[in-house]
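Here is a short report on a two-chain model. It takes up strand pairing, helix packing and the contact between the chains.

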Amino acid sequence: MTDPTKCTDMKAALHNRPLSPAELEQFGSELDALRARVASELGAEDARYIRNVVKAVRYSEVAGRGLLWGGAIAFGFWTLAWPALVLGALLLGLSKILENMELGHNVMHGQYDWMRDPHLHGKTYEWDIAGTSDSWRRTHNFKHHTYTNVRGMDDDIGYGLLRIFPEQRWKPWRIFQPLYAAVLGLYFQWGVAIQELELGLAFMGRKTWRELWEEFKPMGRKAGRQLLKDYLVFPLLAGPFFLPVLIGNLVANGIRNLWTFSIIFCGHFTDKVEVFPRNSVINESRGHWYLRQLRGSSNLSGSKALHILSGHLSHQIEHHLFPDLPARRYPQIAPEVQAICKRYGQHYNTGSFVRQFGQVWGRIFRHAFPSRVPLRSPLVAA
Amino acid sequence: MSAVLRPLIPVDPTPRASGWRRWLAPVVSPPVVDFWLRKLNPVLSWDRPLARVVARSQESRDAVTLVLKPNRHFRGYVPGQHVNLTAELDGVRVTRSYSPTDVRQADGAFSITVKHIPGGRVSGLLCERTQVGDVLELGPGDAFGEMHLPREVPEKMLLLAAGSGITPLMSLVRQLSALGMPADTTLLYWTRQRDERCFTAELRAIAARHPHFRVRFLLTRDAPQKPDEAVGRIDSALLLRKAPDLAKRTVFACGPAGFVRAARELATDAPRFCGEAFTPAAMVQGDGGTVRVELRRSRKTLELASGMPLLAALEAEGLQPLYGCRRGICQTCACGKLAGVSRNLDTGELQAEPEQALRLCVSSARSDLVLDI
C-alpha cells in the first residue's frame, strides 16, 4: 500500500540537507547579519506604514459599523437595503482582520517598539479579539515562537485537538477530526482565547477546577467586554432594528475567524513542514533554532493584498526567523532568505493559498486515521 | 534649555483618571479614542499630556523660545524644575528634558528656551523645524528637579548660571520678581559671547525695578561694554568681588558639569548649595567594570557587572525577573529603561535613549541604568 504522506515527506527529506555544526553556525550568522541590516534601516517609512494600517483599521471599522447601523434601520422600512448590511459586515470583518493580523499580532511581537509610541507598544497593546493580549504573549510569543513545532512544548500543534503529524499519537476519536477542525475554524477566536486554560488538564484531574477558575477570570473579563461591545452595545444603538446589526457583527467575527484560522494553519501544517522531538531544544544554538524555524514554517505566495490581509504571515518563514522585525519588511528580505536556503540545501516551503490550504486539509483527513512516521532528514549531520 | 543629568524620569505607573473618565475607563480603548480625538484637535488625548506650540521667537543667536500650551493632563511644574519633552524624529520618539523659563500663565501656557546644539537632533528639530501649531508630548513622567524655592524663601540668594543653565534660574528670577523680590538676589550669568545670551533686556528691567536684585553678565570670549558686564571664568576672586557675603547666601548653580563642580567647591561656606549639571556624554563602560542599576519600582539599587546580559546579572543577584525564551524573541523580559546606556548584545549597538521595551536577556548595561521594574 502506498502512503501518500511518506511519499511527500520523503521528498522533503531529500530537499533538506542535514547541516554540519560548522555549517549551522555559519547559517545562523548569515541570518543574524540580515536581521541586523534590516533593523538598522528601520525608520520613518516603517512608522508611516503602521500608522496607515491604524488609519485603515479605524476608518473601515467606522464605515462597517455605520453601514450596519444605517442599513439595519433602512432595512426595517425597505427590504432592498440589504446590500448595505452585507457591505457593512464585510467591512467590519475586514477591519477586524487588519487589526488582528497586520496591527495587533505584529505590534504585540514588539515589531514597532523601536518607535517608542505607547499606542504601538508590544507589551501593552490590547487587540480586538476575545482572548487577552497577555495570554497571547505567553502562548504565542513565548511558547510557540521559541519551541516552534516541538512536540509537547508548542501547543499550536493541532491546538490540542487535531492530529496533524504522524508523530502525534492516534486515538479513535481522531476519526472525526475534520469536523472538529471546521468548528475550530468558525470559532477560532474562542479557541485561541481558551488555549492557555488547557481544559484537558482539568478533565484529566491534573489541575483543580478552582485553579481553572482563577485562570479563567482575566479571560472572562476580556471576553465579556468583547461580547458586550459586539452583541449588545452596538446592536442596541440601532434600537428596535438591533437584530440585523447583531447578525452583521456575528458574520464579521465569523469571517475574521475563518480567515485567521486558514492563514495560521497554512503557516505550520502544510506537507513538508516538520515537527521536532523535545530533546532538539536542549542547549540549542542560534543556528539550530533558525533551522528549526525554517523547517517548521511554510509561506503563501500571492498578491500584495494577500500579504497585508494575512498580516504578512504569508511570509511565515521570515516571520519565524525574525519575529520582531516589522512584517512589511518580510517580502523585501524573502529573496535573500531564499538564497541562503538554497546555499545551505534547505527547502523554502511556499505555494499558492489554494495549494497550501489543500495540503493542510489533506493532513487533517489523512492523520484522522492511523499513520506511520516517515523518514525525516535530521537537522544536524551526525 | 538643555538636558539635565541628575534627576531621572519619574515612574508614572498608571494614567490618572477622574470623575466620568474613571467610569468610562473599562470600556474605552485609549488608542482608538486618541485617534479620533486628534482628528478633532491634535492636542486632545484621553490620558496623555500634549502641548501645542502657540508662539515662537528667537531668544539669542542660537536659542529659540517656544511657548507651549498644554492640555489638561499636564500636571504642572514648580519654577526651577524640568519637564520631559518627547518629539518624533524619523519615526522614533525621542525624549529630552528642558526647564520651563517662566511661571505658568493664567491659561496654563509656559515657555521653554532651546539652544541649538550643533548636531543635536532634538534641539535642531525644536529650533529649526517646529512651527506654531505643532504638537509635542510632555512626558514621560511629571516635572522633576530640586532646584526650586523652599517653602520659606531664604533671605539672600546667589544664582550662578552658565550658558543654557540660565533656563531654570530664569524661571526662579521671574517667580521672585512676580512675588516682589522677597530675597536679596544676585544672578551671575556666564556666556562665551554676548550674542549667545538670552533674556538680557528683561533681566536688566527686573534689576531696574527691584533694588534687591542684581545681575552681572560674565563673558569669556567677548570684551565687556556695559557696566553690568565683566570678563572672567568662575573663581574665588571673582565670586568674592561679586558676592562678598557668600557665606550668607543660598546658592543655586546650573550649567555644564565642570562649572557646577567648580561652583560647589567655591560655595562650601554657603548655608545651602543646590547644583544641577547638563547631561555630559554618558559614561560608557567597557565590559568588565561594574555599573549601578536602579530598579525603580522595586526600590532597589544593585551593582552589576557591565558586560553580562542584564537578565543573568539580575538573577545572579538573587532577583527573579519574568523571562521566557532568553534569546530576544518573546519579549517576556522586556521592561522600561528610564535612563542610561545599554548595549544590544545581538547587534552590539549602544542605546542611550529611554526605552519602553529593553529586552533584559539580550542587553547589557554600559552605564548606570534606571529600569522600570
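Two strands pair if DSSP finds at least two bridges between them. The model is predicted.

**Parallel strands in chain B**

Strand β11 (residues 250-255) of chain B pairs with strand β12 (residues 272-277) of chain B. The sense is parallel, and six bridges join the two. Within this pair, Val251(B) has Phe273(B) of β12(B) as its bridge partner. Between the strands, the chain passes from β11(B) through helix α7 (residues 257-266) of chain B to β12(B). This β-α-β crossover is right-handed.

**The five-stranded sheet of chain B**

Strands of a sheet pair through backbone hydrogen bonds, either parallel or antiparallel. Chain B has an open sheet of five strands, in the order β14-β13-β20-β15-β18, with mixed pairing. Its edges are β14 (300-305) and β18 (355-358) of chain B, each paired on one side only. On average, neighbouring strands of this sheet are turned by 35 degrees against each other, direction ignored. At the β14(B) edge, strand β13 (residues 290-295) of chain B runs antiparallel to β14(B), joined by six bridges. There, Leu295(B) stands opposite Lys300(B) of β14(B).

**Helices against α10 in chain A**

Two packed helices are described by the angle between their axes and the distance between the axes. Helix α10 (residues 242-268) of chain A takes part in both crossings below.

| Helix pair | Axes come within | Crossing angle |
|---|---|---|
| α6(A) (residues 177-186) and α10(A) | 7 Å | roughly 125 degrees |
| α9(A) (residues 209-237) and α10(A) | 8 Å | roughly 145 degrees |

At roughly 125 degrees, α6(A) and α10(A) are therefore oblique to each other. From α6(A), Leu184(A), Gly185(A) and Leu186(A) make the contact. From α10(A) come Gly254(A), Asn257(A), Leu258(A) and Phe261(A). By class, these residues are four nonpolar, three polar and no charged.

The crossing of α9(A) and α10(A) is right-handed. Here Asp230(A), Tyr231(A), Phe234(A), Pro235(A) and Leu236(A) of α9(A) meet residues of α10(A). Those partners are Phe242(A), Val245(A), Leu246(A), Asn249(A) and Asn253(A). This contact counts seven nonpolar, two polar and one charged residues.

**Between the chains**

How many residues does each chain give to the contact? Chain A gives 26 residues and chain B gives 21 residues. On the side of chain A that touches chain B, α2 (21-41), α3 (44-77) and α5 (133-146) of chain A each supply at least two residues. That side divides into nine nonpolar, eight polar and nine charged residues.

How values were computed
Residues are numbered from 1 along each chain as its sequence is written. Chains are lettered from A and ligands numbered from 1 in the order in which they are written. This is a predicted model: local features need pLDDT of at least 70, side-chain atom pairs count only at pLDDT 80 or more; totals for chains, interfaces and linings use all residues. Two residues are in contact if their C-beta atoms, placed from the backbone, lie within 7 Å. Helices (H or I, at least four residues) and strands (E, at least two) are DSSP runs, numbered from the N terminus. Ala, Val, Leu, Ile, Met, Phe, Trp, Tyr, Cys and Pro count as nonpolar, Asp, Glu, Lys and Arg as charged, and the others, Gly among them, as polar. Axes are lines fitted to C-alpha atoms, for helices over the stretch in contact, and angles run from 0 to 180 degrees between N-to-C directions. Angles under 35 degrees count as roughly parallel, over 145 as roughly antiparallel, 65 to 115 as roughly perpendicular and the rest as oblique. A crossover is right-handed if, with the strands pointing away from the viewer, the path from the first strand over the helix to the second runs clockwise. A crossing is left-handed if the near helix is turned anticlockwise from the far one by less than a right angle, and right-handed if clockwise.
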